[in-house]
Amino acid sequence: MTTTLELQICQLPSGEYEVRVVKAAAGGEARAPLSLDVGELLRQRPTLQDKVLASSGAVRRIVPESEQLVQQVGRQLFDALFDGPVWGSYRENLSVARERQDRLQIVLRLDSPELTLLPWETLFDPQQNTYICRHEPMVRHLFASQTPDSLPVEPPLRILVVIASPRKLPSLDTDAERERLENALAAERRAGRVELVWLTDANWDTLHLSLMDGPWHVVHFIGHGDYDDTSEEGLIALVGEGGTAHMVHASALATLLGEAVPAPRLVVLNSCSSAQGEGRDGFSSVGAALVYGGISAVAAMQFAVTDQASVRFAQGFYTALAHGRSVDDAVKSGRISILGMSHSLEWITPVLYVRGEAGLLFTMPKSSKPPTQPPPRDSQHSAQARKLYVNSRAELRIGNPDKAVELLDELLSLNPNHSDAIMLRTQAADQAQALELYDRAVEAEKAGQWSEAIDSYEQILQKVPEYRDVLARRDRCRDRERIQDLQDELRHHAEAQRWQTVLEVSEELDQIDPTTTDPDGLTTRARQVVAQAAQAAQLEVLYTSARAAEQSENWATAVDSYAQILRNDPQYRDALSRHNHCRDQQRMEHLRDELRHHADAQRWQSVLDVSEELSQIDPTSTDPDGLTTRARRELIQAAQAAQLEDLYDSARAAEHSKDWATAIARYDELTSVAGEYRDSTLRRSRCLERLTHAERLSDSGDAPPVHPTKAGEIAAPCGALAWASSGWSIAVNLLTDPRIRLYDMAGDERLNIKTSNKWAPYVLAFSPDGTRLASQGRKGATVWDADTGGSVLQLLIRQRVTAAAFSWDGSLIATGTYDSACVWDAETGEELFRTEQRAVKAVTFSPDGSRLVVADQLGLHVWRLSTALKIFEDRRGFLGAVAYSPDGKRVATGSTDNKAHLWTSGQVEELAHDGPVTSVAFDPSGTRLATGSEDHSARIWDTADAHLICKILHDDPVNSVAFSPYGTRLATGTRNTVTLWTFR
């Protein structure tokens with residue numbers, strides 16, 4: 001009789017797994033939760049396969065390294081499977097098997113598909129320091145309502161060996177495969193116990209015919225396997241048309257095998273992935289599908305397998321079958337055969353699927369032995385008595401006291417005075433009685449009748465003190481009886497909800513057997529209830545303390561108390577929201593104190609920085625005591641005062657250098673902004689007189705040259721720049737940094753806007769009123785509030801934005817991408833116009849807003865928006881910049897051909913540079929044009945006759961140029977700085 005421990009692993013409604021003992025030689029129905037990270041183990045399968053293959057050498061797949069991971073996985077599976085009461089059942093059944101001098105068959109019933117993908121064959125028992133399946137047969141049980149009887153087989157065992165090596169798959173050396181298997185089974189074939197019949201280059205039809213030429217006891221497949229993710233079913237590769245692979249699904253193969261009469265009881269799949277299923281249907285591997293299709297047992301491979309290991313497995317496996325062993329014992333023999341390979345771990349690769357209760361697949365006749373010659377008959381009684389005495393001692397030694405008594409009675413009939421026989425018979429009679437008592441005690445022990453078992457063991461000890469394991473069994477029964485009494489007491493206390501007493505009884509149980517301390521989960525529940533009660537009381541005290549601190553606005557104490565609560569119970573009442581509220585209040589209190597400190601020191605920019613941080617926590621609390629409003633007013637006034645003073649100084653400097661036009665423009669700008677500023681009106685009159693005098697000299701050919709003067713510098717790497725209509729600030733789209741920064745005329749940062757674009761092309765445009773900024777966004781173009789930096793409009797555009805411009809009245813926005821130019825409503829974001837273009841680099845509107853001008857890879861294009869018709873086109877190619885003069889008379893473009901072009905009523909003037917022109921800009925009067933170039937220069941041109949006024953050299957290529965709103969300054973941007981220039 002086989003000693004079996006059958007375990008069922010099922011998934012509970014909660015999603016957790018549970019292990020249940022459904023059949024055990026030692027009895028009992030233990031159960032325990034399965035604590036296992038199934039997903040993580042499945043992710044380790046490829047690495048585990050590599051480790052197994054690396055231990056053997058040349059394989060059909062690529063691998064490296066050693067046994068550490070295999071043993072680690074095996075221990076994880078063992079600790080999860082044999083936990084708590086299930087571990088105790090395992091140890092008891094192992095002891096029973098040892099007493100019977102038998103193996104312990106481990107049967108796994110895996111009810112959840114994903115569990116079938118785990119490598120259970122690696123189970124590692126740390127106490128015995130060994131892998132279970134190397135000593136005990138292991139079976140994966142698949143349910144079947146009916147199991148066929150063992151098939152009587154008159155040797156030889158007929159094995160149909162099917163080899164398929166299609167083209168375009170890794171080639172198999174079929175001759176070598178055949179030679180290795182025949183050599184491995186040579187002894188069994190010579191003895192007539194095994195017959196191998198070969199089918200090479202197997203296709204569907206030849207296999208069909210061969211199956212009908214049976215009978216076949218076993219079908220052994222050598223070839224390639226795979227798994228079809230689409231159909232979620234295992235595959236094997238037969239030879240198809242043209243010698244290529246014909247991938248056969250497992251369900252189809254099961255149907256084909258049914259053509260054999262009788263159907264083969266056993267199929268061996270020596271192919272990769274033949275035991276591989278899929279997480280949603282782990283029962284769909286080739287091996288499992290064949291068993292469901294009616295095959296009694298299938299030995300398959302859960303990993304790729306080396307040629308040497310597959311042959312060694314076949315040798316041990318078939319030899320055991322031919323000697324009448326059960327199929328699970330045969331698989332164990334196959335594993336042991338693989339162990340003969342030095343350091344190989346491939347003994348874990350075979351997987352045995354068994355249908356229902358199938359175990360002994362074949363009944364083989366007992367091998368006959370040649371009859372032995374009887375010894376010559378001894379006429380003397382002493383020789384016969386001696387033999388009877390020796391035989392009786394032998395029977396007694398092997399535990400057959402009744403047989404020993406029978407032999408000794410025969411001896412004493414020959415020699416009634418044989419003293420040794422008399423003494424031995426007494427001993428044998430005692431042992432016979434002890435054996436009867438032992439069997440009765442064991443049965444009582446199995447039935448849990450501890451008192452009866454203890455009485456029987458006590459009687460045995462009185463007669464034979466050292467008999468077998470009686471002393472240990474008696475002590476164990478005493479413990480079991482005490483355990484049963486304590487567990488009954490524990491249940492009684494649990495019913496009365498005396499949970500602390502339950503824990504005290506559990507502690508006493510732990511001293512006897514740690515696996516018995518939690519009957520029906522009552523100890524666990526008691527710990528939970530006691531812990532919950534203690535925690536609830538502690539949390540209530542903490543919560544009361546926190547609420548009191550919150551009401552008294554002691555935010556630090558409240559935050560600390562709520563944090564302690566959340567560490568113990570993240571869902572406790574409203575502790576999380578109150579913790580966050582108090583933390584915000586604490587932070588706001590600190591920020592308000594800091595804001596007042598900065599205000600006292602008149603650090604107004606720091607006041608605004610702190611106010612911004614406050615607004616992120618609570619937008620309603622950003623202006624304590626009106627200090628934020630005052631800070632904004634003070635900063636604006638300071639900036640305006642500084643700019644006015646700067647304008648005045650600039651005008652005086654221009655006056656000092658006799659640049660009368662610039663001085664007049666500066667004084668005009670002062671007057672337009674601040675009215676009568678100091679003596680600006682008087683000085684303007686003087687400058688006008690001197691300018692009139694200079695113009696007279698100019699008419700006579702004596703005009704002085706124009707010289708640019710650096711008026712300021714901002715340390716900002718410039719991708720693009722734009723001047724606000726107020727003239728007080730400049731916006732810079734930073735190079736390689738997803739930010740737009742606004743600076744005042746002193747070079748101080750006024751606003752910092754974080755965007756999503758830090759790479760070219762750089763796009764930046766102010767609205768005419770200076771309140772909005774347009775730039776490239778994450779998904780199209782974004783319009784920002786120029787005061788707060790907040791996003792006010794998002795234009796959703798599929799392609800990356802390469803250009804943007806506001807119409808002169810601010811009602812429209814034009815954008816360009818790599819494949820189109822569009823016009824949008826600047827308030828609603830509605831698309832009003834679209835035209836297909838090639839790599840748009842710049843867009844602009846005519847001053848009256850009626851025309852859209854586009855510069856792209858092909859040249860210059862002008863569209864009349866009211867009719868959506870193109871009214872002008874010039875294909876000069878590769879234009880990178882465009883600008884429309886404020887008077888509407890001219891258009892300027894920049895090109896990669898080292899030229900700027902000035903278009904006037906159909907005429908084109910070429911303005912030469914020594915490198916590609918990157919940017920063009922008209923001054924407010926339209927009389928001057930600024931151009932920026934990669935030749936490290938910016939140039940100012942007279943638009944009337946296209947002559948060069950001045951040239952401004954830089955250390956780096958000029959990326960962007962822009963005149964101030966009054967035309968008194970020019971801003972140039974390079975990869976390192978933005979520079980402000982005046983002219984004299």
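**Reasoning from values to terms**

Biologist: Why is Glu99 called partly exposed rather than buried or exposed?

Modeller: In this predicted model, Glu99 has a relative accessibility of 40%, and because buried means under 20% and exposed means over 50%, a value in between makes Glu99 partly exposed.

Biologist: What makes the contact between Glu99 and Arg473 a salt bridge?

Modeller: The N to O distance between the two side chains is 2.5 Å, and since a side-chain nitrogen of Arg has to lie within 4 Å of a carboxyl oxygen of Glu, the pair meets the rule and is counted as a salt bridge. This pair links distant parts of the chain, with Glu99 in helix 4 (residues 85–99) and Arg473 in helix 16 (residues 470–495), 374 residues apart.

Biologist: How do you know whether Arg473 is buried or exposed?

Modeller: Its relative accessibility is 5%, and because the limit for buried is under 20%, Arg473 counts as buried, whereas its partner Glu99, at 40%, counts as partly exposed.

Biologist: Why does the pair Arg834 and Glu831 count as a salt bridge, and how accessible are the two residues?

Modeller: The closest N and O atoms of Arg834 and Glu831 are 3.0 Å apart, which is within the 4 Å that the rule allows, so the pair qualifies as a salt bridge. Arg834 has a relative accessible area of 44% and is therefore partly exposed, and Glu831, at 35%, is partly exposed as well. Elsewhere, salt bridges that share partners join Glu99, Glu445, Asp469, Arg473 and Arg476 into one network.

Biologist: What makes helix 13 roughly antiparallel to helix 14?

Modeller: Helix 13 (residues 401–414) and helix 14 (residues 419–446) pack with their axes 8 Å apart and at an angle of about 155°. Because angles over 145 degrees count as roughly antiparallel, that angle makes helix 13 roughly antiparallel to helix 14, and the crossing of the two helices is left-handed.

Biologist: Within helix 14, how do you know that Arg440 and Glu436 form a salt bridge?

Modeller: Their closest N and O atoms are 3.6 Å apart, so the pair falls within the 4 Å limit. The two residues lie four residues apart in helix 14, about one turn of the helix, and Arg440, at 38% relative accessibility, counts as partly exposed.

Biologist: Why is Leu869 called exposed?

Modeller: Leu869, which lies in strand 35 (residues 869–874), has a relative accessibility of 52%, and because exposed means over 50%, Leu869 counts as exposed. Together with Ile871 and Phe872, Leu869 forms a nonpolar patch on the surface, with about 260 Å² of accessible area.

Notes. Residues numbered from 1 in each chain as written. Predicted model: local features only at pLDDT ≥ 70, side-chain atom pairs only at ≥ 80, totals over all residues. Heavy atoms only, no water. Patch = residues over 30% accessible without salt bridge, like charges linked within 9 Å, V, L, I, M, F, W, Y side chains within 5 Å. Areas by Shrake-Rupley, 256 points an atom, 1.4 Å probe, with all protein chains shown as cover. Buried < 20%, exposed > 50% of the residue type's maximum accessible area, 1.4 Å probe, protein only. Axes fitted to C-alpha atoms, helices over the stretch in contact; angles between N-to-C directions. Parallel < 35°, antiparallel > 145°, perpendicular 65-115°, else oblique. Left-handed = near helix turned anticlockwise from the far one by under 90°.
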